[in-house]
Amino acid sequence: MKKWIGFGILGALFLVTGCNSQNKEEANEEQHKATKIVLGSVDSDADIWRFIADSELAKEAGLAIEVKEINGGPQLNNATVEEQVDVNAFQSLGYLSSFNQDSDQKLVPIATTYMEPMGLYSDKYKSVGEIKEGAVVAIADNPANTARGLRLMETAGLIKLAKNFDNGTGTPSDIIENPKNLEFKMIDDTTGPRVLQDVDLALISNTIAFEGGLNVLKDALFKEEIDEHTQQSINVLVTTADRQQDQALKKLADLYHSQAVKDYIQEHFGGTKVDVQEDIGKLWEADQ
């Protein structure tokens, strides 16, 4: 009789232990259930986010990231407005401001990611100090990059711009001092690396420079740094106003700034997408 009682107690213990184990497994499974986020992006940005989506870091953060590639900035922003994607990663602060000005729907940035510095390049000079009188400078013939290039020239000490210079639409006509009498030649910005041999200097945006075999961190005579003049060029994560406090979305920024992502960018983009961690609230407030 005692033997049967012993077996009964032992069986009960196994049953209780089994139930406890099952409950713990169910609790752990619930705890680790991932939050799905659909992120809209394009080109190299999409490549980086696919790397993040497949990483252990994303799993540890409890995020299941689906990267939806959509060509075209307006299309990506509209997809965010229409909730086809939860958040997007492709644009600068300045681009977002322009979109909002032209749209009835307002999107907001929730975190900074990186900046791709514009550079001043030359096949003829090794430093800014060597630049001679009358040098010909190739500059992009589109509003944003024209103004950005001129601001870079001013920072390099080569020209001086009017006090009311517009960082989005400024032109060479806004130059008030040009001590070296530099001549500006407007070009299709995608041809920058190819025209270097035909001009003395060329202002080239990073993506085009990198695709043309130039690394802005190593090859540029002078390059943009993160300051009050380049804040609009900082790239950001963007979502709708009602989701700007969404904690799951904010975790994306933490993933982006991880060492694993920095290593990936170093390997695949020569480190030219320079990591930026700034207070987005202050940046956005200053931009409005």
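**Close-up 1. A salt bridge pairs D200 with K124 in this predicted model.** The closest approach between the two side chains is 3.4 Å, N to O. The pair ties together distant parts of the chain, 76 residues apart. D200 sits in the loop between α7 (192-195) and β11 (201-204). K124 sits in the loop between β6 (119-121) and β7 (136-140). The two partners fall into separate burial classes. D200 has 15% relative accessibility and counts as buried, because the cut-off for that class is under 20%. K124 is partly exposed, with a relative accessible area of 46%. Side chains of opposite charge can pair when their charged atoms come close. The structure holds 12 salt bridges, and the D200 to K124 link is one of them.

**Close-up 2. K59 and E56 form a salt bridge within helix α3.** The N to O distance is 3.5 Å. Why can these two residues meet along one helix? K59 and E56 are three residues apart in α3 (residues 56-60), so about one helical turn separates them. K59 is exposed, at a relative accessible area of 54%. That value lies in the exposed class because it is over 50%.

**Close-up 3. R243 and D246 make a salt bridge at 2.9 Å.** That distance is taken between the closest N and O atoms. R243 has a relative accessible area of 25% and is partly exposed. D246, at 22% relative accessibility, also counts as partly exposed. Elsewhere, salt bridges with shared partners join D45, E116 and K273 into one network.

**Close-up 4. D45 is a buried residue of helix α2.** Its relative accessibility is 7%. Which residues does D45 contact, leaving aside neighbours within four places in sequence? They are A89, F90, Y114, N235 and K273. K273 also appears with D45 and E116 in the salt-bridge network.

**Close-up 5. Helix α2 packs against helix α11.** The helices span residues 43-53 and 259-269, respectively. Their axes are 11 Å apart, at an angle of about 140°. Are they parallel, perpendicular or oblique? The pair is oblique, because an angle must be over 145 degrees to count as roughly antiparallel. The crossing of α2 past α11 is right-handed. On the α2 side, the contact uses S44, D47, I48, F51 and I52. On the α11 side, A260, V261, Y264, I265 and F269 take part. By class, the residues of this contact are eight nonpolar, one polar and one charged.

**Close-up 6. Helix α2 also packs against helix α10.** Helix α10 covers residues 247-256. The angle is about 100°, and the axes are 11 Å apart. The two helices are therefore roughly perpendicular to each other. From α2 come I48, W49 and I52. From α10 come L252, L255 and Y256. This contact has six nonpolar residues, with no polar and no charged ones. I48 and I52 of α2 take part here, and both also meet α11.

**Close-up 7. N215 is buried in a loop between two helices.** The loop runs between α8 (206-211) and α9 (216-219). N215 has 9% relative accessibility. What does N215 touch, not counting residues up to four places away in sequence? Its contacts are Y121, A220, G270 and T272.

**Close-up 8. D43 and N181 each have a positive phi.** Most residues other than glycine have a negative phi. D43 has phi near 55° and is found in helix α2. N181 has phi near 50°. N181 lies in the loop between β9 (175-177) and β10 (183-187). At 47% relative accessibility, N181 is partly exposed.

Conventions
Residues numbered from 1 in each chain as written. Predicted model: local features only at pLDDT ≥ 70, side-chain atom pairs only at ≥ 80, totals over all residues. Heavy atoms only, no water. Salt bridge = Lys/Arg side-chain N within 4 Å of Asp/Glu carboxyl O. Helix = DSSP H or I, 4+ residues; strand = E, 2+ residues; numbered from the N terminus. Buried < 20%, exposed > 50% of the residue type's maximum accessible area, 1.4 Å probe, protein only. Axes fitted to C-alpha atoms, helices over the stretch in contact; angles between N-to-C directions. Parallel < 35°, antiparallel > 145°, perpendicular 65-115°, else oblique. Left-handed = near helix turned anticlockwise from the far one by under 90°. Contact = heavy atoms within 4.5 Å. Nonpolar A, V, L, I, M, F, W, Y, C, P; charged D, E, K, R; others polar.
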